[in-house]
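Work through these exercises with the model open beside you. Try each task before you read its solution.

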Amino acid sequence: MQINGNPYRTIWRTSAGDVEIIDQTKLPHAFVSCRLASLQDAADAIYNMQVRGAPLIGATAAYGVALAMTADASDVGLAVACEALMATRPTAVNLRWALEDMRARLIDLAPERRADAAFARAADVCDEDVAICQGIGIHGARLITHVAASSDGPVNILTHCNAGWLATVDWGTALAPIYAAHSAGIELHVWVDETRPRNQGASLTAWELGQQGIPHTVIVDNAGGHLMQHGMIDLCIVGTDRTTATGDVCNKIGTYLKALAAYDNDVPFYVGLPSPTVDWSISDGVADIPIEERSAEEVTHIFGRDQQGQDCRVQLTPDGSPAANYGFDVTPARLVTGLITERGVCAASRAGLAGLFPDLAAGWAE
Ligand code: MRU
């Protein structure tokens with residue numbers, strides 16, 4: 001993506017060999033990068049959500065393993081690195097996918113060859129993510145173009161959280177079709193759920209769309225149902241952190257309520273799905289997907305910029321009121337109109353996914 005006229009990815013290696021990320025905790029008010037120099041830096045960046053979004057978590061974990069190999073490339077060092085990274089965030093399956101991939105490629109190499117091989121594979125993981133997201137963009141843009149053909153004004157799309165460029169290495173999943181359709185000249189408007197408690201919609205999606213000149217409006221999380229009842233949304237597109245082999249989708253908390261409202265109002269509800277986000281080992285999302293619970297402080301306090309331009313954090317709740325902070329929820333496949341993948345759009349079902357990905361589905365029992 002172009003930021004202030006310069007092309008950026010969300011994670012990259014500098015010519016000096018350092019790993020750099022965009023620090024997403026500073027957006028939208030400051031666009032700054034920071035260096036990851038060690039396994040601990042990578043694990044902290046994922047845990048503290050300087051990087052976030054399922055595909056970018058996977059890519060950062062791959063670089064985390066590479067950084068670990070520069071310090072201790074023994075079998076024990078590899079195991080410790082994978083364990084530390086795996087403990088950072090539980091829901092996005094891309095983390096497990098990336099770590100299993102890295103371990104499988106490194107374990108049979110001599111320790112002195114592991115760091116170089118790990119950096120090379122981490123770079124490939126990033127390039128593969130970019131290609132996957134471009135594919136999602138192409139297939140999703142066709143859907144949007146189809147809606148545009150029968151619409152007078154702009155196509156109105158609702159999205160939740162941030163499943164854009166910042167959640168991936170480039171392009172995004174839910175937002176990739178929007179970027180592709182916008183580039184093709186389709187008139188669009190995006191309704192952006194603020195996405196409490198961390199406000200990834202208000203701070204990250206709104207910033208991304210603004211940078212690309214795409215018309216958008218930030219709404220409170222509870223507004224979507226009202227807009228759908230009044231015919232103000234043509235389709236919803238969201239991301240996913242883990243999708244079962246049967247098409248249940250786990251995404252940022254509140255996604256399920258949007259899907260219910262969309263179902264009740266006959267609004268198509270699509271999910272941008274990179275194939276590494278499918279967990280072929282499970283078939284019941286509600287029962288089988290671990291849901292991250294984060295600090296209550298993310299609910300009781302809010303972060304922003306004050307009138308003097310200073311970053312600040314204020315308390316919303318009474319002293320002593322307990323708060324619960326569930327990070328994700330599961331939208332059952334029956335509420336999902338279709339999955340937009342890098343290989344095309346399919347039904348949210350075992351048959352739909354296995355039809356597009358027979359190579360990945362093979363070997364997993366029904
Ligand atoms: O807690 P986050 O910000 O990591 O949650 C991100 C999401 O829920 C995204 O929608 C999901 O990772 C899909 S990203 C392409």
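## Exercise 1: two packed helices

This is a predicted model. Helix α5 (residues 111-149) packs against helix α6 (residues 176-183). Task: find the angle and the distance between their axes, then describe the contact of α5 with α6.

Solution.
1. Take the geometry. The angle between α5 and α6 is about 65°, and their axes lie 7 Å apart.
2. Assign the handedness. α5 passes α6 in a right-handed crossing.
3. List the residues. α5 supplies Cys133, Ile136, Gly137, Gly140, Ala141 and Ile144. α6 supplies Ala176, Pro177, Ile178, Ala180 and Ala181.
4. Sort them. The contact of α5 with α6 has nine nonpolar residues, two polar and no charged. Gly counts as polar here.

## Exercise 2: a sheet of three strands

Task: give the strand order of the open sheet of three strands, and state which strands stand at its edges.

Solution.
1. Read the order. It is β3-β4-β5, and the pairing is antiparallel.
2. Find the edges. β3 (11-13) and β5 (33-36) each have a single partner strand, so one side of each has no neighbour in the sheet.
3. Check the twist. Neighbouring strands of this sheet are turned by 30° against each other on average, direction ignored.
4. Look at one pairing. β3 and β4 (residues 19-22) run antiparallel and are joined by three bridges. Ile11 has Ile21 in β4 as its bridge partner.

## Exercise 3: salt bridges within and between elements

The structure holds 18 salt bridges. Task: for Arg96, Arg313 and Asp359, name a salt-bridge partner and give the distance between the closest N and O atoms. Then place each pair in the chain.

Solution.
1. Start with Arg96. Its partner is Glu100, with the closest N and O atoms 3.9 Å apart. The cut-off is 4 Å, so this pair counts. Arg96 and Glu100 both lie in helix α4 (residues 93-106), four residues apart, about one turn of the helix. Arg96 is partly exposed, at 27% relative accessible area.
2. Move to Arg313. It pairs with Glu297, the closest N and O atoms being 2.3 Å apart. Arg313 is in strand β15 (residues 311-315) and Glu297 in helix α11 (residues 297-300), so the pair ties together parts 16 residues apart in sequence. Both are partly exposed: Arg313 at 46%, Glu297 at 45%.
3. Finish with Asp359. Its partner is Arg343, at 2.9 Å between the closest N and O atoms. Asp359 lies in helix α13 (residues 358-361), and Arg343 in the loop between β17 (338-341) and β18 (344-346).

Notes:
Residues are numbered from 1 along each chain as its sequence is written. This is a predicted model: local features need pLDDT of at least 70, side-chain atom pairs count only at pLDDT 80 or more; totals for chains, interfaces and linings use all residues. Side-chain values use heavy atoms; hydrogens and water are left out. Two strands pair if DSSP finds at least two bridges between them. Axes are lines fitted to C-alpha atoms, for helices over the stretch in contact, and angles run from 0 to 180 degrees between N-to-C directions. A crossing is left-handed if the near helix is turned anticlockwise from the far one by less than a right angle, and right-handed if clockwise. Contact means heavy atoms within 4.5 Å. A salt bridge is a side-chain nitrogen of Lys or Arg within 4 Å of a carboxyl oxygen of Asp or Glu. Buried means under 20% relative accessible area, exposed over 50%, partly exposed in between (1.4 Å probe, protein chains only).
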